[in-house]
Amino acid sequence: MVHKLFIDFGATRTKSAVSDKDVLTDIMQYNSVSFKAGGFYEISITELLNSFQSIINFYLRNYNIKNIFLSCQMHGFALQDNKNNFITDYVSWQDESAFLPYKGKSSYHLFESNFLQYKDLTGMRLRGCFPVVKILDFLRRNKLKQVKVLSLPEIFDFLGKSKNKVHITMAQASGCFDFDNKEFSKEILDFIRHETGCQIIFNEPTENIDISSVLNINGKSINLFSGVGDHQA
């Protein structure tokens, strides 16, 4: 019998369960991967991937897992360089580094002063937990020519053959998504490029629950579907 595996990566708890039809069984809870000490809420990419694989391996002992569906905490991110190497760990929504002053002005207040109509553009009230202000802060302090932004479920795609997709709920959670046009905001990305000299790229947003990656776990091919935001889930 073929089973689906459901995993919810929250800030405090990670939950998982399997289903062959409509009933969830073998429900488990785990402590989420802890953040690094030192005032910044950054989580090891390696530990996240190891945790994800460990959950899959646990269920593969007793179930024929073919498809994995994810919901994940929102407003976090990791950055890759132009060779798909991670240059940051996963920066949680709990991180507030964008409020730290740099060259006389925090990145949050620099961004805020340039986007007074931010809610009209994105559909959200600007907050310091949003990736967009922390990415601006990172790029002000680190001179790079190009970075790629990944949300939490997109990080897991790199355990297999990624199809470079991001669900629209996670795309909007970046804080630089044009709500009406359903695309990453050229206005915001141009502003960050002007301030830092760095081009920011994203995966292609989708409103569907598509296959986002094909994993190979212990010689078994498993479909990983686009992770959705935990609020929407």
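1. On the other side of α7 from its buried residues, K186 and H194 are exposed (exposed means over 50% relative accessible area, buried under 20%, with a 1.4 Å probe and protein chains only). Helices here are DSSP runs of H or I with at least four residues, strands are E runs of at least two, and both are numbered from the N terminus. This is a predicted model, where local features need pLDDT of at least 70, side-chain atom pairs count only at pLDDT 80 or more, and totals for chains, interfaces and linings use all residues. Residues are numbered from 1 along each chain, and side-chain values use heavy atoms, without hydrogens and water.

2. Now for the buried residues of α7: I188, L189, F191, I192 and T196. They lie on the same side of the helix because they cover an arc of only 155° around the axis (taken from the directions from the helix axis to the C-beta atoms). They pack against α2, α3, α4, β14 and β15, with contact meaning heavy atoms within 4.5 Å. Just after α7, G197 has a positive phi of about 80°.

3. I188 and I192 also appear in the largest nonpolar core, among the residues with the most contacts inside it. A core is a set of buried Ala, Val, Leu, Ile, Met, Phe, Trp, Tyr and Cys residues joined through side-chain atoms within 4.5 Å. This one has 37 residues, and its largest share, five residues, comes from α4.

4. V132 is worth a look: leaving out residues up to four places away in sequence, V132 touches F111, Y118, S174, G175, C176, I188 and I192.
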